[in-house]
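Q: Could you walk me through this structure? I am new to it.

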Amino acid sequence: MTQSRKKFLKALAAGTLGLPLALRLLLGEGQAQKNEYGVTSNERYDWKMVTTWPPGFPILGEGCELLADLIRKMSNGRLNIEVYGGGELVPALESFTAVRQGAAEMGSGVSYYWSGTAPAAQFFSGYPFGLNAQQMNAWLLSGGGMELWRELYADYGLIPFAGGNTGVQMGGWYNREINSVADFKGLKMRMPGLGGRVLEALGGTPVLLAGGEIYTGLERGVIDATEWIGPFHDHTMGFHQIAKYYYYPGWHEPGTNFEFFVNKEAYDQLPPDLQTIVEVATHYINLYTLSSFEAKNAEYLKILSEVKGLSIRGFSPEVIDAARKAAKTTIEDFAAKDAFAGRVYASVSQFKANIAAWGDLTEKIYYNRM
Ligand code: CA
């Protein structure tokens, strides 16, 4: 029995119950009903978040913990999210399925992991010579990208949210100089996804290695080269101890976008204020992640530039041009094999063409001349 019901009955028994008091107590009893915003004040929700990141992974795993903390505080403890690193509750690459099936309410990853299930998912993480971070946010949040992403994930009972961006990645670590396209011939390189297919078109051999196997693979010559992310995470991996050349830019990943995905049934059960808190908190992590990558990469580029014997160098225009041509064919072939992927590629490539004309007068000029 609630406190107000007890007071009501006590007052009734004592004969001290006037009409206004009775109404007040009855209204007090009614606090469990929804207010004009569809919110009751005392419901508590406990969610699990599965992630594709190793537990506590710098920036990305940390971002998930920060998201859970912000949501807990903003909801006054009404929405509590327990974060699990990859492998702690389910294997990293089963996160998508786990959230679809309701074993967890929320997940964190990168959509190209699911391109085997839904080819169009690739385009919401990025593709070789695609959008940079700023353009990706513009397409997703203001250019129709998010509507397409939500339409795609609705088929899987999920709602996606943008979860941050690496910015332009580095081109990778090589123990062989890349002076011309011919130098890719026979190059064994760890480069996943569409980037790997472009490498193949250039004469190289993409090799699939899990994160934990890359260092020894490069050290023992199983691979001649590897890409990873940028100076901060690459330094953590220690590649500078075993590779001679660190190339830029990462044409294969010009702005890889991360994601949160939420089980739609679980989301629909939340009152509107908690739904809004989830949405707004993911926007903050979207910003936090890109900002952290930019700041940390700048700091660690300086550290790497002081490593003795390491040469940090750019790909030649000839190499970039050849990669761009190979990428165009590779991506068009990929998009042509799936109707939804074709629709998404049409949207993102049209957006890229439009924004490139704007960027040519602004961002590009600024970077080149200021
Ligand atoms: Ca990468």
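The conversation below goes from the whole chain to one pair of helices, a cavity and a single residue.

Q: What kind of model is this, and how are residues numbered?
A: This is a predicted model, in which local features need pLDDT of at least 70, side-chain atom pairs count only at pLDDT 80 or more, and totals for chains, interfaces and linings use all residues. Residues are numbered from 1 along each chain as its sequence is written, and side-chain values use heavy atoms, with hydrogens and water left out.

Q: How many helices and strands are there?
A: The chain has 14 helices and 11 strands; these are DSSP runs numbered from the N terminus, helices being H or I with at least four residues and strands E with at least two.

Q: What box do the C-alpha atoms fill, and what share of residues is buried?
A: Along the principal axes, the box is roughly 95 × 45 × 40 Å. Of the 370 residues, 48% count as buried, that is, under 20% relative accessible area with a 1.4 Å probe and protein chains only.

Q: Now the helices. At what angle do α5 and α6 pack?
A: Helix α5 (residues 133-142) and helix α6 (residues 145-154) pack at about 70°, and their axes are 4 Å apart. Axes are lines fitted to C-alpha atoms, for helices over the stretch in contact, and angles run from 0 to 180 degrees between N-to-C directions. The two helices are therefore roughly perpendicular, a label for angles of 65 to 115 degrees.

Q: Which residues meet there?
A: From α5 come Trp139, Leu140 and Leu141, which meet Gly145, Met146, Glu147, Leu148 and Trp149 of α6. Contact means heavy atoms within 4.5 Å.

Q: Different topic: how many cavities of 30 Å³ or more are there?
A: The structure holds 1, and the largest cavity has a volume of about 50 Å³. A cavity is a set of points on a 1 Å grid over the protein atoms alone where a 1.4 Å probe fits but cannot get out; its volume is the space filled by probe spheres set on the points, which are joined across faces, edges and corners.

Q: Which residues line it?
A: Among the lining residues, which have an atom within 4 Å of a point, are Trp53, Cys64, Phe258, Glu259 and Thr289. Elements giving two or more residues to this lining are α3 (60-74), β10 (257-263) and α11 (272-305).

Q: Last one: is Asn286 buried or exposed?
A: Asn286, found in helix α11, is buried, with a relative accessible area of 6%. Beyond its neighbours within four places in sequence, Asn286 is in contact with residues including Asn137, Leu141 and Asn257.

Key
Angles under 35 degrees count as roughly parallel, over 145 as roughly antiparallel, 65 to 115 as roughly perpendicular and the rest as oblique. On a 1 Å grid over the protein atoms alone, a cavity is a set of points where a 1.4 Å probe fits but cannot get out, and a pocket is an open set with protein on both sides within 12 Å along at least five of seven lines; lining residues have an atom within 4 Å of a point. Buried means under 20% relative accessible area, exposed over 50%, partly exposed in between (1.4 Å probe, protein chains only).
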